[in-house]
Amino acid sequence: MLYPWQRDDWHRLTALRDRLPHALLLHGQQGIGKRDLALHFAQGLLCESALPDGQPCNTCSACHWFGQGNHPDFTVVRPEALEAGAGEAEGDGESSSKKKAPSKIIRMEQVRALIEAVGVGTHRAGLRVVVVYPLDALQTEGANALLKTLEEPPPSTVFLLVTDRIDRVLPTILSRCRQFSMTRPTGADALDWLRGQGVADVEAQLALAGGAPLTALHAA
Ligand SMILES: [Zn+2]
């Protein structure tokens, strides 16, 4: 989804579509919706009848698959702890109490699976899109493996890498990406949006969250 403060970012992103870089690094403050923007852009790239401004139509089969999380040319790589439903089974009897807590890092086997997936070409006629978040959850080995892929990018593949810790990203990876700095919402935009979400005492919540509306919503 697109937040009200992301209109300019969206137009800047859409303007890149004519000459899309192999890898885009979306970075900026935590809690301003970078991941959601990356996913929306990914859906727009895969959509079979995108709107004139590049937004996905939400009705074509590609959008349908994307919404179901099973578009064959879309891959998302994130720590287990950020998977939908992670932690839901907590305290659910003896067997799950023995389970390890969901991982907060991106494991090497996830990177291997990604590299294998991008190596087989696309299933549909268009692009393959990969979203990795947060990029700084990669460990050294995984980062080096990803770097190799970025150095010899597979055809018709776009990597959308997301981080709020650009200082933790390997300089060699940075050099392979087009950096895309995301705009912070203005205080007025953030407050309006939080009020619309039914958050009480919005000024205080937003101040506590350092101006990041999604952080404020999560805390509220
Ligand atoms: Zn569509």
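This is a short chat about the domains and the cavity of a predicted model.

User: Which domains does the chain have?
Analyst: The domain assignment gives domain 1, made of 4-82 + 99-184, and domain 2, covering 186-220.

User: How far apart are the C-alpha centres of domain 1 and domain 2?
Analyst: Those two centres lie 26 Å apart.

User: And how many residues of each are in contact?
Analyst: On the domain 1 side there are 9 residues in contact with 10 residues of domain 2.

User: What area is buried between domain 1 and domain 2?
Analyst: About 680 Å² is buried between them, and carbon and sulfur atoms give 61% of that area.

User: Which residues in domain 1 lose the most area to domain 2?
Analyst: They are W5, G31 and R184, which together account for 64% of what the domain 1 side buries.

User: How many of the domain 1 residues touching domain 2 are nonpolar, polar or charged?
Analyst: That side divides into 3 nonpolar, 4 polar and 2 charged residues.

User: How many salt bridges are there between domain 1 and domain 2?
Analyst: The count is 0 salt bridges. Polar contact between domain 1 and domain 2 comes to 2 residue pairs, with both residues at pLDDT 80 or more.

User: Changing topic: how many cavities of 30 Å³ or more turn up?
Analyst: The count comes to 1 cavity of 30 Å³ or more. The largest cavity holds about 30 Å³ of space.

User: Which residues line the largest cavity?
Analyst: The lining consists of V77, I106, V111, L114, V132, L138 and L146.

User: How does that lining divide into nonpolar, polar and charged?
Analyst: The lining of the largest cavity has 7 nonpolar residues, no polar ones and no charged ones.

Notes. Residues are numbered from 1 along each chain as its sequence is written. This is a predicted model: local features need pLDDT of at least 70, side-chain atom pairs count only at pLDDT 80 or more; totals for chains, interfaces and linings use all residues. Side-chain values use heavy atoms; hydrogens and water are left out. On a 1 Å grid over the protein atoms alone, a cavity is a set of points where a 1.4 Å probe fits but cannot get out, and a pocket is an open set with protein on both sides within 12 Å along at least five of seven lines; lining residues have an atom within 4 Å of a point. Grid points are joined across faces, edges and corners, and a volume is the space filled by probe spheres set on the points. Ala, Val, Leu, Ile, Met, Phe, Trp, Tyr, Cys and Pro count as nonpolar, Asp, Glu, Lys and Arg as charged, and the others, Gly among them, as polar. Domain bounds come from an automatic or database domain assignment. Contact means heavy atoms within 4.5 Å. Buried area is the accessible area (1.4 Å probe) that two parts lose on being put together, summed over both. A salt bridge is a side-chain nitrogen of Lys or Arg within 4 Å of a carboxyl oxygen of Asp or Glu. A polar contact is a pair of N or O atoms within 3.5 Å; within protein, one must be able to donate a hydrogen and the other to accept it, and residues adjacent in sequence count only if both atoms are side-chain atoms.
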